[in-house]
Amino acid sequence: MGILILFFGLFLLAGWAVALGWFGYASSVLWRVRTQPWVRTDGHPYARLLLPTPAYLRFDKALAVAVLLADLWLLSGIVLFGTEGIFTEDWMGYPGMMDPAGQGYQAEAVDTLRTTAWWSASVAVLGRCWTTAFVQLTVLPLSALWVGSFDTYYN
């Protein structure tokens, strides 16, 4: 079980750097395609609005990977910090001391994941980044269900 905790700890540290690096890559994609058309010029007005151009689609895919990495970083942080007396030994081995201040940790973590999903997906929809919105509405709510299924000493 110590290897599992070490894995989540290393993933948390490395995930921050990788997510920031990929956001930098998404920014460079945005910079490279800035001169290309972002909205289609032919077809029905709704189709022009909803169907992105190939340049915008490349940016959307790069941004989707960046937010996926950021979501995994957030999830690994929640799991790592939850091992300090929150989650039971059925899942993580002996958890150490029980911290009474951690009684609401699991509910707060689930709420954080769900709130992050809705806000980030809403921003992605406003920016017409359909792939990014799909990733946010898929990964984070499923992560919230997974974290909510953990047995704790308090439930």
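**Note on a six-helix chain**

1. Of the contacts in this chain with a separation of 6 or more, 72% join residues 24 or more positions apart. The model is predicted. Its chain has 155 residues, and buried residues make up 36% of them.

2. On secondary structure there is little to sort out. The chain has six helices and zero strands, and from the N terminus on the elements run α-α-α-α-α-α.

3. Confidence should be read before the details. The mean pLDDT of the chain is 77, with 75% of the residues at 70 or more. The lowest confidence in the chain falls in helix 4, residues 89–92, with a mean of 53. The highest falls in helix 6, residues 130–148, at 91.

4. Helix 3 (residues 54–82) packs against helix 6: the two axes come within 8 Å and cross at roughly 15°. Because angles under 35 degrees count as roughly parallel, helix 3 is roughly parallel to helix 6. The crossing of these two helices is right-handed. On the helix 3 side the contact is made by Asp60, Leu63, Ala64, Val67, Leu68, Asp71, Leu75, Ile78 and Val79. Helix 6 contributes Trp130, Thr131, Thr132, Val135, Gln136, Val139, Leu140, Ser143, Trp146 and Val147. By class, the residues of this contact are 13 nonpolar, four polar and two charged.

5. Helix 6 also packs against helix 5 (residues 105–126). The axes of helix 5 and helix 6 come within 8 Å, and the crossing angle is roughly 170°. Since an angle over 145 degrees counts as roughly antiparallel, helix 5 is roughly antiparallel to helix 6. The helix 5 residues in this contact include Gln106, Ala109, Val110, Leu113, Arg114 and Trp118. Among those from helix 6 are Trp130, Gln136, Leu140, Pro141, Ala144, Val147 and Gly148. The contact of helix 5 with helix 6 has 16 nonpolar, seven polar and one charged residues.

6. Helix 3 and helix 5 pack as well, at an angle of about 175° with their axes 11 Å apart. This makes helix 3 roughly antiparallel to helix 5. Leu74, Leu75, Gly77, Ile78, Phe81 and Gly82 of helix 3 meet Tyr105, Ala109, Leu113 and Thr116 of helix 5. Seven of these residues are nonpolar and three are polar, with no charged residues.

7. Some residues recur across these contacts. Leu75 and Ile78 of helix 3 take part in the contact with helix 6 and in the contact with helix 5. Ala109 and Leu113 of helix 5 take part in the contact with helix 6 and in the contact with helix 3. On helix 6, Trp130, Gln136, Leu140 and Val147 are listed for the contact with helix 3 and for the contact with helix 5.

8. Valine 110 gives a single-residue view of the helix 5 and helix 6 contact. Valine 110 lies in helix 5 and has a relative accessibility of 10%; because buried means under 20%, valine 110 counts as buried. Apart from neighbours within four places in sequence, valine 110 is in contact with Ala144, Val147 and Gly148. Its C-alpha lies 8.5 Å from that of proline 141, a residue 31 positions away in sequence.

9. Where does alanine 70 belong? Alanine 70 is in helix 3 and is partly exposed, with a relative accessible area of 23%. Leaving aside neighbours within four places in sequence, alanine 70 is in contact with Ala19 and Phe23. The C-alpha atoms of alanine 70 and phenylalanine 23 are separated by 9.2 Å, although the two residues are 47 residues apart along the chain.

10. Two residues of helix 1 (residues 2–32) complete the note. Valine 18 is in helix 1 and, at 42% relative accessibility, counts as partly exposed. Valine 18 and leucine 69 are 51 residues apart along the chain, with 7.3 Å between their C-alpha atoms. Tryptophan 31 is also in helix 1. Is tryptophan 31 buried or exposed? With a relative accessible area of 56%, tryptophan 31 is exposed, because exposed means over 50%. Tryptophan 31 is 28 residues from phenylalanine 59 in sequence and 9.4 Å from phenylalanine 59 in space, C-alpha to C-alpha.

Conventions:
Residues numbered from 1 in each chain as written. Predicted model: local features only at pLDDT ≥ 70, side-chain atom pairs only at ≥ 80, totals over all residues. Heavy atoms only, no water. pLDDT = per-residue confidence, 0-100. Helix = DSSP H or I, 4+ residues; strand = E, 2+ residues; numbered from the N terminus. Axes fitted to C-alpha atoms, helices over the stretch in contact; angles between N-to-C directions. Parallel < 35°, antiparallel > 145°, perpendicular 65-115°, else oblique. Left-handed = near helix turned anticlockwise from the far one by under 90°. Contact = heavy atoms within 4.5 Å. Nonpolar A, V, L, I, M, F, W, Y, C, P; charged D, E, K, R; others polar. Buried < 20%, exposed > 50% of the residue type's maximum accessible area, 1.4 Å probe, protein only.
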